[in-house]
2 protein chains.
Amino acid sequence: MGADSNRGRGSNTPAGELPRHIPLGSGGEFDAIRTLLDRWGKNAHRIGDDGALLDARESPNVVVSIDTSVENVHFRREWLNPEEIGYRAAAAALSDLAAMGATPLGMLVALTIPDSWRGALDAIGDGIGEAASSCNAPILGGDLSRGTELSLTFSVIGTAQHPLSRSLARPGDLVYMTGSVGGSLLALRDLQAGRQPDPAARRRFAHPVPRLAEAAWLARAGASAAVDVSDGLVADLGHLAAASGVAIRVHIERLSVVHGISAIDACRSGEEYELVVTTPRELDTREFQRVFGLDLTCIGTVTEGDAIVRTFLDGGEVEPPTGYLHFTPES
Amino acid sequence: MGADSNRGRGSNTPAGELPRHIPLGSGGEFDAIRTLLDRWGKNAHRIGDDGALLDARESPNVVVSIDTSVENVHFRREWLNPEEIGYRAAAAALSDLAAMGATPLGMLVALTIPDSWRGALDAIGDGIGEAASSCNAPILGGDLSRGTELSLTFSVIGTAQHPLSRSLARPGDLVYMTGSVGGSLLALRDLQAGRQPDPAARRRFAHPVPRLAEAAWLARAGASAAVDVSDGLVADLGHLAAASGVAIRVHIERLSVVHGISAIDACRSGEEYELVVTTPRELDTREFQRVFGLDLTCIGTVTEGDAIVRTFLDGGEVEPPTGYLHFTPES
């Protein structure tokens, strides 16, 4: 892990402009780390110390989160290649920063690698490096352990000018969702049935995109509460409703849904990593589409009520389509 | 995970004084988390959002680190009770903050729990809570996964008024070590041989104490480089020598060593979590002992040279006792 110091002993670089690599000590356990660092190149910063030193002077609202992906719990080896496994686990963690309206400062990576995965470590690292690069979230440190089960834990660190929270939805707010949902579940159904998914759906499953820039735009535009779609749209809105102590009404026919799945099922599709926000004012969805090339759709409203999501389809109320429909070992 | 926002919608609390608990949404997966939160009480802060929001205004040098403990790699079930497993894994991670001279802001906890450990989760949580309480490092968020292997990953976040680094040792510096070493290896030898260790040695192994307040004292007193003893004193000094591009001379007879182990072997004892620092000026070891009730011993010097540790015993140079002697599955 990594940092120089800003005390300037021998070096006059301030904390924010540190030498990128500090030599590691000797020892076989470090060879794998050295290889990863070489592959990560400029996507790894401040590696080599017991911790990484960050300068939060310009934006002192620091946001931190942690997320783990475990083989056979969060993914199966036969469904994803090693790059995708690395990318997807990192992207899932970075999506939590988006849900907080935060911009990444970087991430810490803890990998547990069984012997059977040892040959895939570089490719897993490449996927992590891709997430670091595409999200501007440098790898600040890590921990590499042996084990019997492949496990990837990411701790993400960011700063938020306008922090979002699940607890800030208020009656009268509008509810907006970025992008479209359903692709992840559509791919999962095919994968579980042993079929090759449609490429677009597979990409939604294998290569989700954390909505980081979109989150910053939404926070600036007045969004106050937010959650990312990880357990399924209605389930995640349930978390938001519970945290805010409000009721949320969702009009399912308004949802942007991928081709090939019903809107009801799309409400239960997990690991989508789209954002849902609430806001007291109407948002300029056309401007959002222009900037990001992505839908922003008003899908409902916040009302008085107690921690409940009510779903409507073509004017009639329907049973909320909850249920954790991303991959579990039993499914 | 957790945070309210500092935008004050409905609440006027600034980011640093947030409501402690935000209700979680419904769902069976949250029951275990709720139970842990109840047990942690005031040791858990800002839980319930996608990330935790911290205010770094007063000390913008933010330090982050990550550390994983895996069953049968870092510990064995028959050697430690569940509280000790939780405490020890958290303490190991917090020790990285000490090595950086940082004061904890808190920690994130990612647990992977096999079914066979499910009944021990509350006790593991209690051990984590003890570390949080004793180190003033509240639990800011977490992630709970199923899996086949017990794994505990901690991401620790702190701030440093005077950050320490492995890379800041300079020729002419003195080398100091806190406390004594050898107890962890002494206990490990007995445990591996199926013997009950001496209680004091067992406590060093099962209940290491991160030297957080000591690190802050040492940083204020002028220490510049530091490392915590996790791989063994000489191995860790090797990392420091490599990062600083210096040679380090250690006088083994000066070491404070627990009763029952040779000073040479004590140099190879890992997971001690004592601190080693370098400093250009002499430190007041008597004052340190008065404040902390703990030895602070000058054990060597920094000289010109290339990333090497040279060890001396009673005036003669000896082969550096390196080698990773904490528990590995092969050992």
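# Reading the calls in this predicted model

Q: How many disulfides turn up over all chains of this predicted model?
A: Zero, over all chains. To be called one, two cysteine sulfur atoms have to lie within 2.5 Å.

Q: Why is Cys298(B) not bonded to the closest cysteine sulfur?
A: That closest sulfur belongs to Cys267(B), and it is 15 Å away. The cut-off is 2.5 Å, so 15 Å is too far for a bond.

Q: Why is Cys298(B) called partly exposed, while Cys135(A) gets the label buried?
A: Buried means under 20% relative accessible area, and partly exposed runs from there up to 50%. Cys298(B) comes out at 22%, so it is partly exposed. Cys135(A) has 10%, so it counts as buried.

Q: What makes Trp79(B) and Phe205(B) an aromatic pair, and why is it called edge-to-face?
A: A search of the whole structure finds eight aromatic pairs over all chains, and this is one of them. The ring centres are 6.3 Å apart, and the limit is 6.5 Å, so they pair. The planes make an angle of 70°, and over 60 degrees counts as edge-to-face, so that is the name.

Q: Why can you say that this pair ties together separate parts of chain B?
A: Trp79(B) lies in the loop between β2 (61–70) and α2 (82–99), and Phe205(B) is in helix α5 (residues 199–206), so the pair ties together parts that are 126 residues apart in sequence.

Q: Are those two rings buried or exposed?
A: Buried, both by the under-20% cut-off: Trp79(B) has a relative accessible area of 6%, and Phe205(B) has 1%.

Q: What makes Trp217(B) and Phe292(B) an edge-to-face pair?
A: Their centres are 6.5 Å apart and their planes meet at 85°. Within 6.5 Å is the rule for pairing and over 60 degrees the rule for edge-to-face, so the pair passes on both counts. This pair links distant parts of the chain, too: Trp217(B) is in helix α6 (residues 212–220) and Phe292(B) in helix α9 (residues 285–292), 75 residues apart.

Q: Why do Trp217(B) and Phe292(B) get two labels for accessibility?
A: Trp217(B) is at 13%, so it counts as buried. Phe292(B) is at 23%, so it is partly exposed. Over in chain A, ring pairs link Trp217(A), Phe288(A) and Phe292(A) into a cluster.

Q: What makes Arg88(B) a charge over a ring, and which ring is it?
A: It is the ring of Phe205(B), with the charged end of Arg88(B) 4.3 Å from its centre. The distance limit is 6 Å, so 4.3 Å fits. Arg77(B) does the like with Trp117(B), at 3.7 Å from the ring centre.

Q: How do you know that the span of helix α7 (residues 233–244) of chain A fits its number of residues?
A: At 1.5 Å a residue, its twelve residues should span 16 Å, and the end C-alpha atoms are 16 Å apart, so the two agree.

Q: Why is α7(A) called largely enclosed, and what covers it?
A: Twelve of its twelve residues are buried, so the rest of the structure largely encloses it. Among those buried residues are Asp236(A), His239(A) and Ser244(A). The cover includes strands β6 (174–178), β7 (225–228) and β8 (247–251) of chain A. Just after the helix comes Gly245(A), with a positive phi near 65°.

Q: Why is Ala90(B) called buried, and which residues does it touch?
A: Its relative accessible area is 0%, and buried is under 20%, so the label fits. Ala90(B) sits in helix α2 of chain B. Leaving out residues up to four places away in sequence, Ala90(B) touches Met107(B), Ala131(B) and Phe154(B).

Q: What stands out about phi in Asn72(A) and Ala307(B)?
A: Each has a positive value in a residue other than glycine: near 70° for Asn72(A) and near 55° for Ala307(B). Asn72(A) is in the loop between β2 (61–70) and α2 (82–99) of chain A, and Ala307(B) is in the loop between β10 (296–303) and β11 (308–313) of chain B.

Q: Why are Asn72(A) and Ala307(B) called partly exposed?
A: The label covers 20% to 50%. Asn72(A) has 39% and Ala307(B) has 36%, so the label fits each of them.

Notes:
Residues numbered from 1 in each chain as written. Chains lettered and ligands numbered in written order. Predicted model: local features only at pLDDT ≥ 70, side-chain atom pairs only at ≥ 80, totals over all residues. Heavy atoms only, no water. Phe/Tyr/Trp six-rings, centres within 6.5 Å; stacked < 30°, edge-to-face > 60°. Helix = DSSP H or I, 4+ residues; strand = E, 2+ residues; numbered from the N terminus. Buried < 20%, exposed > 50% of the residue type's maximum accessible area, 1.4 Å probe, protein only. Lys NZ or Arg CZ within 6 Å of the ring centre and 35° of its normal. Expected span 1.5 Å × (residues − 1). Contact = heavy atoms within 4.5 Å.
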